[in-house]
Amino acid sequence: MIRRVRRMTVMMRIMHWVLALSVAACFVTGLYIAKPFWFRPAPGPADVLVMGNVRFAHFVSAMLVDVAFLSWCYLFFFSLDEPFVRSLVPFRKRWGEAWAMLRHYFTLRNKPPTRDPGIDPLNAYGFVVIHFLVFVQMVTGFGLMRPTFSHANSLVPIWPWILGLSERVSVAVFGSLVAVRQVHHLAGFVIVALATIHVYLQIWRDIFWTEGHISVVFSGYKYVEEE
Amino acid sequence: MPKCPHPRRAPSPPDVERRLDGLEARFQGRGHDLEELLASRGISRRSFLKWTSMMTAALWLPPSFERSVARAAAVATRVPVVWLHLQECTGCTESALRTAYPGISELILEYLSFDYHETIMAPAGEAAEKSLEDTVESHRGAYLCVMEGSIPTAMDGKFLRLGPKGETGLSLARRVAAGAKVVIAIGHCASYGGPQAAAPNPTGAKPVHEALGIQTIRIPGCPYNAVNLVGTVLHLLLTGEVPALVDGRPAWAYSKRIHDTCPRRAHFDAGEFVEQWGDEGARKGFCLYKVGCKGPYTWNNCNEMQWNQAASFPIRAGHGCIGCSEDAFWDDMAPLEKPLAEGAVAIPFLKGVEGSVDTVGWTLIGATAVGIAGHAVYSAARKGSKPGHDGEEGNHGA
């Protein structure tokens with residue numbers, strides 16, 4: 001008999017896709033901003049604003065990433081459905097489970113560890129790492145944005161303060177604005193590499209575990225065979 | 001990089017006038033008379049007043065201060081100045097002295113009352129030393145000390161010895177700074193250490209404020225702009241106070257980013273870039289970002305004040321900014337003619353090996369792809385060799 005198991009709420013799925021699409025948009029636009037890769041030699045009238053639009057897209061998608069990130073932070077602890085923090089504590093037990101899962105991925109020998117409900121701890125650790133990197137991008141990004149930011153167009157008074165704080169913190173941590181810029185650039189690649197691994201693993205699980213893992217992020221359910 | 005400048009109370013006009021009265025009385029007859037200097041160069045009173053308006057606006061003072069700025073400019077050529085050359089190339093001095101048609105800022109700078117200036121002073125040897133001693137003694141607490149160059153601190157500063165007694169730069173700077181009203185660090189070297197402080201920094205070169213542990217007013221740049229020094233001196237004379245600083249630099253000069261006031265900024269936003277030197281984009285004056293302009297990370301007023309009698313400055317002349325007013329620009333902003341995405345970073349776990357940020361990033365993505373492909377093949381092979389493997393699976397996590 002096949003049982004339907006609820007894995008993601010509507011909000012989680014929306015946030016997942018917002019994060020996925022806006023991270024992708026940030027990466028592509030970020031590559032352009034770092035080193036503009038297409039060139040329009042003879043533009044027509046003065047309606048051309050390639051870099052301006054790309055930067056605007058970068059900022060808007062970055063804001064979406066930040067909103068999704070902050071929502072995840074809340075749900076991480078306070079989700080009524082399934083706080084992710086439960087996949088990380090007790091630390092020793094969960095670390096053992098994550099390690100077993102990692103071994104399974106590499107050897108395919110031992111039986112994969114089971115845990116129900118909740119996401120598996122390895123996934124949860126990956127989730128924490130990728131969100132830590134998103135946090136780094138957020139702070140360094142705000143720090144890099146501060147110099148271009150005019151206080152005149154701030155809607156809320158706390159906004160200039162957040163940008164200023166981000167700049168001070170990121171410069172204090174990494175040494176200079178140039179270093180901040182390099183970290184921001186590199187962390188983007190790391191996030192994309194981790195996201196690629198994540199997508200691969202979900203497809204892999206769908207194929208090898210035949211529980212419909214791809215379905216989870218669209219319908220919210222996976223399907224478990226039971227005797 | 002600057003933090004938000006602190007808003008400061010504007011100086012009160014009567015206080016300023018009283019201060020100038022005092023300074024005029026104290027330094028009467030010293031140095032040069034500005035009116036004579038201007039006349040000798042054929043600069044009209046009208047030009048001088050136009051310059052006064054410019055300086056007043058540049059210093060963020062209200063227009064009513066124009067008269068005081070004119071008086072302060074006249075005092076500026078009389079206040080004793082001790083100018084030390086430390087570990088440096090004298091390019092800062094040269095850039096100010098060698099102007100073919102000095103503007104008023106350059107003129108005032110040239111005729112500051114230098115009681116000690118190793119490049120241009122008339123006395124030599126013991127006489128020069130005596131001049132320095134006399135100034136340090138007789139104008140203690142009143143003279144301005146300008147330091148050009150970083151201070152080597154390795155081996156007790158023995159990398160730099162000056163004068164007939166072979167005094168180390170460290171000791172000389174400490175002695176002169178102790179009696180100065182204010183220490184102004186000129187150029188990148190005195191402000192941030194300069195190329196001599198670039199890794200691995202064999203002489204232990206440090207900027208003045210770090211080597212001596214004092215507060216300095218930093219006027220960075222390679223070389224610095226004469227306007228920024230003269231403006232700072234005027235501000236000191238007018239108010240007796242150090243101007244508002246951001247990151248140690250006068251806010252009035254260094255709180256705007258090159259990128260934001262750049263005459264080529266519209267081309268940046270339009271996505272129009274010089275791809276290589278001399279191409280069509282270069283002839284059309286497109287943005288220099290892709291040939292390594294570091295304007296987005298540099299705070300200075302080159303766009304407004306410009307260089308060489310306000311004739312031009314690097315970006316206008318067709319070369320990107322190299323970030324010469326920023327801390328550690330030799331290390332941070334290299335290679336100077338490539339965008340930062342091609343800037344070198346140390347590759348983790350490979351000591352001493354450098355690659356560009358992009359190379360590191362794309363290698364990471366490539367390695368991930370290779371790993372994934374390997375794992376997929378491995379998984380498929382194992383599944384093919386073990387039919388029915390799926391059946392033993394239980395209920396997994398998400």
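Colleague: What joins β7(B) to strand β9 (residues 217–219) of chain B, and how do you know that they pair?

Modeller: The two strands are joined by 3 bridges and run parallel. Pairing requires that DSSP find at least two bridges between the strands, so this case qualifies. Within the pair, Ile186(B) stands opposite Ile219(B) of β9(B). This is a predicted model, in which local features need pLDDT of at least 70, side-chain atom pairs count only at pLDDT 80 or more, and totals for chains, interfaces and linings use all residues. Residues are numbered from 1 along each chain as its sequence is written, while chains are lettered from A and ligands numbered from 1 in the order in which they are written.

Colleague: How do you know that strand β3 (residues 144–148) of chain B pairs with β7(B), and in which sense?

Modeller: These strands share 5 bridges in the parallel sense, and the pairing criterion is therefore met here as well. Val146(B) stands opposite Ile184(B) of β7(B). The strand labels follow DSSP runs (E, at least two residues, for strands; H or I, at least four, for helices), numbered from the N terminus.

Colleague: Why is β7 (residues 182–186) of chain B called mostly covered?

Modeller: Of its 5 residues, 4 are buried. A residue is buried if 20 or more other C-beta atoms, placed from the backbone, lie within 10 Å of its own, exposed if 12 or fewer do, and partly exposed in between.

Colleague: Why is Gln28(B) classed as it is, buried or exposed?

Modeller: Gln28(B) has 9 other C-beta atoms within 10 Å, and is therefore exposed. Its place is the loop between α1 (13–26) and α2 (34–40) of chain B. The C-alpha atoms of Gln28(B) and Val79(B) are 9.3 Å apart, although 51 residues separate the two along the chain.

Colleague: What makes the phi angle of Trp60(B) worth noting, and why does the residue fall into its exposure class?

Modeller: Phi of Trp60(B) is positive, about 65°, although the residue is not a glycine. Trp60(B) has 18 C-beta neighbours inside 10 Å, so it counts as partly exposed. It lies in the loop between α3 (45–58) and α4 (66–76) of chain B.

Colleague: Why is Thr210(A) given its exposure class?

Modeller: Thr210(A) has 14 C-beta neighbours inside 10 Å and therefore counts as partly exposed. Its phi is also positive, near 45°, in a residue other than glycine. Thr210(A) is found in the loop between α6 (177–209) and α7 (213–219) of chain A.

Colleague: Which residues touch the most other members of the largest nonpolar core?

Modeller: Among them are Met147(B), Ile186(B) and Leu234(B), in a core of 76 residues. Helix α11 (residues 226–239) of chain B gives the most to this core, 9 residues. Such a core is a set of buried Ala, Val, Leu, Ile, Met, Phe, Trp, Tyr and Cys residues joined through C-beta atoms within 7 Å.

Colleague: With which residues is Leu234(B) in contact, leaving aside its neighbours within four places in sequence?

Modeller: Its contacts include Met55(B), Leu59(B), Val69(B) and Ala76(B). Contact requires backbone-placed C-beta atoms within 7 Å of each other. A second, separate core of 31 residues includes Val178(A), Cys321(B), Ile322(B) and Trp330(B).

Colleague: What kind of peptide bond joins Val89(A) and Pro90(A), and how do you know?

Modeller: The bond is cis, with omega about -5°. Pro90(A) lies in the loop between α2 (50–78) and α3 (91–107) of chain A. The bond from Ala199(B) to Pro200(B) is also cis, with omega near 5°.

Methods
Two residues are in contact if their C-beta atoms, placed from the backbone, lie within 7 Å.
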